[in-house]
Amino acid sequence: SRVAYLNDWTNDHHPSPTHDTLGHGTINTSIALAFNNKTGRAFTDANGYAYRLSSAPFARIRISKLFEDIDLNGNGGGFVVPSFTAYIAAAYQGGARISSNSWGSSCDFGCNSYTDDSTIYDNLVRDADPFNSDDQGMTILFAAGNDGDINEPSVVAPGTAKNVISVGLSENVRTGAGETDGCGVGSNGADNAQDVVFFSGY
């Protein structure tokens, strides 16, 4: 298996700990690590380029589940990590050297602000496992703004930490006027691949 470990920091106690009712972690994992070696129209485009082939198709994944499942009534989905340091240190001890985090605060709690959480992650980049001697460095990535300001350029904490790599989401390009995708983004939010999409920090 390419799954090296699973640390479930939630209280879901689901029979399958990799259970992801939100789907957010699953889709981000597939963007980074998906593998496809099949052929045919369902798997390649007209030029032979593989669909769903990521930039690291042979890397192993180490999962840290940080958000509760959402039940049938829409309850749950909360962020329940007891300690940023604990889950990063456990990831490092499990062999991870890159941590990809597609989450962050909203602008209500620190848009373009250097917060206490930013400080913690700056320290964790330098020493991901402070429970052991010496410095154990880790590359830590954060979303620039899953819930950024839609009117002004913004980065949300802890993506504002100076030692992390903050990643914004670029627009797609759709040619059909008036089209809306599954996330409710209209054609004016998908007309330039050089633009950062409005909800990702504008």
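A polar contact is a pair of N or O atoms within 3.5 Å. In this predicted model, such a pair occurs at the N-terminal end of α3, where a side-chain oxygen of Thr-115 lies 3.3 Å from the backbone nitrogen of Asp-117 and Thr-115 thereby caps the helix. The protein has 3 helices and 5 strands, arranged from the N terminus as β-α-β-α-β-α-β-β.

**Overall dimensions**
- The radius of gyration is 18 Å, which agrees with the value near 17 Å for a compact globule of 202 residues.
- The C-alpha trace spans about 55 × 40 × 40 Å along its principal axes.
- Of the contacts with a separation of 6 or more, 62% join residues 24 or more positions apart.

**Burial and surface**
- Buried residues account for 31% of the 202 residues.
- The exposed area is about 12100 Å², of which carbon and sulfur atoms supply 52%.

**Nonpolar core**
- The largest nonpolar core comprises 19 residues, and those with the most contacts inside it include Tyr-87, Trp-103, Tyr-121 and Val-164.
- Two or more residues each come from α2 (84-93), α3 (116-126) and β4 (139-143), with α2 giving the most, at 5 residues.
- Beyond its neighbours within four places in sequence, Tyr-121 is in contact with residues including Phe-84, Ile-88, Phe-142, Pro-158 and Ala-161.

**Helix α3**
- The buried residues of α3 are Ser-118, Tyr-121, Asp-122, Leu-124 and Val-125.
- Viewed down the axis of α3, these buried residues fall within an arc of 165°, so they line one face of the helix.
- The buried residues of α3 pack against α2 and β4.

Conventions:
Residues numbered from 1 in each chain as written. Predicted model: local features only at pLDDT ≥ 70, side-chain atom pairs only at ≥ 80, totals over all residues. Heavy atoms only, no water. Core = buried A, V, L, I, M, F, W, Y, C linked by side-chain atoms within 4.5 Å. Buried < 20%, exposed > 50% of the residue type's maximum accessible area, 1.4 Å probe, protein only. Helix = DSSP H or I, 4+ residues; strand = E, 2+ residues; numbered from the N terminus. Contact = heavy atoms within 4.5 Å. Arc of directions from axis to C-beta. Polar contact = N/O pair within 3.5 Å; in protein donor to acceptor, adjacent residues only side chain to side chain. Rg over C-alpha atoms; globule rule 2.2 N^0.38 Å. Areas by Shrake-Rupley, 256 points an atom, 1.4 Å probe, with all protein chains shown as cover.
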